[in-house]
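Subject: Handing over a structure, with notes

Dear colleague,

I am passing on the structure below, together with some notes that I hope you will read with the coordinates open beside you.

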Amino acid sequence: MKERLKIGITCYPTLGGSGVVATELGKLLAEKGHEVHFITHSMPFRLGKFDKNIFYHEVEVNDYYVFKYPPYDLSLASKLAQVAQLEELDLLHVHYAIPHAVCALLAKQMVGDKLKVVTTLHGTDITVLAQDESLSDLIRYAINQSDAVTAVSDDLIHETRRLLDITKPIDLAYNFVDKRVYYPREVQALRKEFAHPDEKILIHISNFRPVKRVTDVVEIFDRVSRDIPSRLLFVGEGPELSKVLCKVKELGLLDRVTFCGKQDDVAQLLSLSDVMLLPSEKESFGLVALEAMACGVPTIASNAGGIPELITHGESGFLAEIGDVEMMAEYARKLLSDQDVYEKMKAACLHRARFTFCNDAITRQYEQIYYRVLERP
Ligand code: GMT
């Protein structure tokens with residue numbers, strides 16, 4: 001290791017892919033000997049076992065009665081400044097421009113210029129919030145003032161430039177999965193709990209936000225299950241859950257669909273599945289498809305956002321236009337009915353996850369960015 005760094009990490013600790021990536025990155029940096037301080041409103045859900053290099057600082061929100069809305073952003077900025085000073089942090093790596101980068105920049109003003117701010121864009125702050133005129137100037141400011149900015153796909157870099165008219169360099173740092181956690185597990189016994197040996201298992205994992213188009217998953221499954229004996233597993237929950245349940249009932253699929261709710265050890269559920277469905281409207285990367293890939297499970301997805309950078313159509317999965325459930329079902333049938341095509345694709349998935357989205361390489365890339373902003377070559 002070059003020089004041991006003291007790094008503060010702020011993310012949404014319980015939210016989807018960005019929280020997972022930020023937490024996994026922190027754990028890998030700590031394993032490499034860096035001192036990592038998570039500064040968040042609750043314990044990141046994937047933090048796991050004790051590590052002497054990992055610290056957790058909880059942001060407490062002041063709910064003083066004159067505040068109509070408790071000022072979380074100010075509490076976070078103040079905590080970031082406190083921890084940075086007390087622990088002599090070299091930098092803050094914040095995930096999401098709004099509000100985290102803005103809070104980190106305020107902390108930097110309080111602490112002094114020595115403290116560097118690295119901001120990672122994950123998608124929603126650009127593809128949704130940047131289109132809101134009341135926030136776009138603030139997001140532009142957060143990006144321009146950060147010492148370095150990274151994004152999880154090339155598509156997200158282009159969208160950021162297009163929507164915010166930004167010229168500042170943005171580093172591409174793809175998401176990754178820890179190959180010690182995501183690999184094809186031995187789950188034959190568990191698989192029997194979900195399906196008969198002659199049935200295939202399709203899976204969808206998300207937070208059931210409208211952008212995930214989860215009802216398309218039901219439409220695709222409906223078409224596939226007419227020809228191929230199969231089951232569908234839903235993992236996760238969120239605002240569209242009841243709509244999805246209605247669709248499942250309407251199509252008479254209730255006895256073939258299992259709602260697993262929120263699950264922590266998704267590598268097990270992925271390993272017992274045959275195909276992942278991800279028909280999203282927007283997706284800056286699609287971490288869940290990478291998790292599936294690393295477990296040897298091909299994904300059939302929409303060609304939205306950064307997904308085509310992750311999945312090579314026809315090689316490591318199949319892509320169709322957003323909303324084209326007919327085509328996605330056709331690809332699923334092709335994949336599930338031809339063992340040769342399936343085995344080839346499974347091998348391609350394992351190789352791609354291991355070598356292109358390798359946790360070691362991407363952690364090294366982030367370290368290089370840290371040394372660069374700190375001017376410690
Ligand atoms: O997709 C979500 O609803 C969650 C969101 C998040 O903050 O985790 O996901 C975004 O970041 C992930 C990690 O970089 C990406 O894999 C997802 O594609 C991205 N979601 C969107 O762009 C909609």
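What follows is an account of the domains, one sheet and several individual residues.

Please keep in mind throughout that this is a predicted model, and that the values I quote were computed from it.

I begin with the domains. The protein is divided into domain 1, which takes in 6-176 together with 358-373, and domain 2, which covers 188-355. The centres of domain 1 and domain 2, taken over C-alpha atoms, are separated by 30 Å, and the contact involves 14 residues from domain 1 and twelve residues from domain 2. On the side of domain 1 that touches domain 2, the elements giving two or more residues are helix 1 (16-31) and helix 6 (154-164), with helix 1 supplying the largest share, namely four residues. Sorted by class, this side of domain 1 holds five nonpolar, seven polar and two charged residues.

Next comes the sheet. Six strands form an open sheet in which the order is 10-9-8-11-12-13 and the pairing is parallel. Strand 10 and strand 13 (317-320) stand at the edges, and because each has a single partner strand, one side of each is left without a neighbour in the sheet. Between neighbouring strands of this sheet the turn is 20 degrees on average, with direction ignored.

At the strand 10 edge, strand 9 (residues 230-235) and strand 10 (residues 257-261) are paired in the parallel sense over four bridges, and Phe 234 stands opposite Phe 259 of strand 10. Between these two strands the chain passes through helix 9 (residues 241-250), in a β-α-β crossover that is right-handed. Gly 261 also has its place in strand 10, and this glycine counts as exposed because it has 10 C-beta neighbours inside 10 Å. The C-alpha atom of Gly 261 is separated by 9.9 Å from that of Asn 207, although the two residues are 54 residues apart along the chain.

Towards the other edge, strand 11 (residues 275-278) runs parallel to strand 12 and is joined to it by three bridges, and the bridge partner of Leu 278 in strand 12 is Ala 301. Strand 11 and strand 12 also belong, with helix 11 (residues 287-294), to a right-handed β-α-β unit. Strand 12 (residues 299-302) pairs in turn with strand 13, again in the parallel sense and over four bridges, and here Ser 302 has Ala 320 of strand 13 as its bridge partner.

A few backbone features deserve a look in the viewer. Ile 98 and Pro 99 are joined by a cis peptide bond, for which omega is about -5 degrees, and Pro 99 lies in helix 3 (residues 97-111).

Glu 88, although it is not a glycine, has a positive phi of about 50 degrees. This glutamate is found in the loop between helix 2 (72-86) and strand 4 (91-95), and Glu 88 is classed as exposed because 12 other C-beta atoms lie within 10 Å, the cut-off for exposed being 12 or fewer.

Phe 208 is likewise not a glycine and has a positive phi of about 50 degrees. The loop that holds Phe 208 runs between strand 8 (200-205) and helix 8 (214-227), and Phe 208 counts as partly exposed because there are 18 C-beta neighbours inside 10 Å.

Lastly, Glu 367 has its place in helix 15 (residues 359-373). With 19 C-beta neighbours inside 10 Å, Glu 367 counts as partly exposed, since a residue is called buried if 20 or more other C-beta atoms lie within that distance. Glu 367 and Val 83 are 284 residues apart in sequence, and their C-alpha atoms are 21 Å apart in space.

With best regards

Conventions: Residues are numbered from 1 along each chain as its sequence is written. This is a predicted model: local features need pLDDT of at least 70, side-chain atom pairs count only at pLDDT 80 or more; totals for chains, interfaces and linings use all residues. Two strands pair if DSSP finds at least two bridges between them. A crossover is right-handed if, with the strands pointing away from the viewer, the path from the first strand over the helix to the second runs clockwise. Domain bounds come from an automatic or database domain assignment. Two residues are in contact if their C-beta atoms, placed from the backbone, lie within 7 Å. Ala, Val, Leu, Ile, Met, Phe, Trp, Tyr, Cys and Pro count as nonpolar, Asp, Glu, Lys and Arg as charged, and the others, Gly among them, as polar. Axes are lines fitted to C-alpha atoms, for helices over the stretch in contact, and angles run from 0 to 180 degrees between N-to-C directions.
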